[in-house]
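Please read the following walk through a single chain with its sequence and coordinates at hand, starting from the chain as a whole and then turning to individual residues.

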Amino acid sequence: MAFDNKLTNARGANSSVKTIFGAIEFEITNISNPSVTVRNADQGSSFIYNQTLALGQTSSAKRMEFNNPLAQLFTFDARIYGNAFAGSTVGNGSSSGDGTGNPPTSTTFSIFREEKTGTLLAGDPTATIGASATWGNPLFKGITWDDFEVTTRSDAQFLEASLNSLTAVDLDFELRTVDGQVLASSAGITASEFVSASVQPNTTYILRVLGFANAPAQYTIISDQLLPENSPNQNTGTRSSGGNSTSGSSTNPVSRLVRFTVNPLTRRVTTQILQ
């Protein structure tokens, strides 16, 4: 089955410039039905929109095809990445400028990807009304929370990680240093979470999964290290996802997580913004 998908810059980037700069990546991170697979992605499980969208502008359509041999209803989650203009550097001095104030084009990164799976036996009910009484407590590791180590490659620049579960109602997610500093956290109302941060090469970081009041739940973590283009450490293709340009202006990566429900019987596709 297949449908045509367009992207619209409806609200604008959280920047002085509301444009979303390309390339824009539509990465399918999870499919609810194991018999359904992506058929025609541009790279891996991603569709690439090689466009820049001004506020209110809609992209051209991308044809998205899925193998669905039983013609069953399914949902899939997609993380949509673009780039936002971060602005120009302001300073004092007499030297001439060596950059431009114009919004830059995006940077292409190579990707080193790892996948980790785990199970939480229970969630922490106290976390729904305040600070958790068990998260971080070694006695409850693997029960209400768990940690996974990620060691960056020799040329890593950014680390991104997504958390997904088909059996949990709600999970939270953190990216930490080994000494406990929280670099990024994601606490949406579902079990699909996403964190990202700039990182140091050859350094170990912690991905922490936090459970709520749920029954035993299995989950999957996909971590992507963004490396320079053509890096010898890459193991799964490339992606355009922002970064720094010449001194004077820069971009910041922006993203949305969207859940699609596909019903072959009614021929309807509906969407819900998760994050």
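Of the 275 residues that make up the chain, 46% count as buried. The model is a predicted one, and the values discussed here should be read with that in mind. The accessible surface of the chain amounts to about 13,700 Å², and carbon and sulfur atoms contribute 48% of that surface. In its secondary structure the chain has 18 strands and zero helices. When contacts in the chain are restricted to those with a separation of 6 or more, 75% of them are accounted for by residues 24 or more positions apart.

A residue within one of the strands makes a useful first stop. Asp147 belongs to strand E8, which covers residues 145–151, and its relative accessible area is 19%. Because the cut-off for a buried residue is under 20% relative accessible area, Asp147 with its 19% is classed as buried. If residues up to four places away in sequence are set aside, Asp147 touches Lys141, Ile206, Leu207 and Arg208. With one of these neighbours, Arg208, there is also a polar contact, in which the side chains of Asp147 and Arg208 are joined at 2.7 Å.

From the strand we can turn to the loops. Gly44 sits in the loop that links strand E3 (37–38) to strand E4 (46–49). Since a relative accessibility over 50% is what makes a residue exposed, Gly44 counts as exposed at 75%. Although Gly44 and Gly237 are 193 residues apart along the chain, their C-alpha atoms are separated by 7.4 Å.

Backbone geometry provides another way to look at the loops. Asn230, which is found between strand E14 (217–228) and strand E15 (238–240) in the loop that joins them, is not a glycine, and yet its phi is positive, at about 70°. The relative accessibility of Asn230 is 67%, so that this residue counts as exposed.

Arg267 can be described along similar lines. The loop that holds Arg267 runs between strand E17 (250–263) and strand E18 (268–273), and here too a residue that is not a glycine has a positive phi, in this case of about 60°. With a relative accessible area of 79%, Arg267 is exposed, whereas Asp147 in strand E8 is buried, its relative accessible area being 19%.

Terms used
Residues numbered from 1 in each chain as written. Predicted model: local features only at pLDDT ≥ 70, side-chain atom pairs only at ≥ 80, totals over all residues. Heavy atoms only, no water. Helix = DSSP H or I, 4+ residues; strand = E, 2+ residues; numbered from the N terminus. Buried < 20%, exposed > 50% of the residue type's maximum accessible area, 1.4 Å probe, protein only. Polar contact = N/O pair within 3.5 Å; in protein donor to acceptor, adjacent residues only side chain to side chain. Contact = heavy atoms within 4.5 Å. Areas by Shrake-Rupley, 256 points an atom, 1.4 Å probe, with all protein chains shown as cover.
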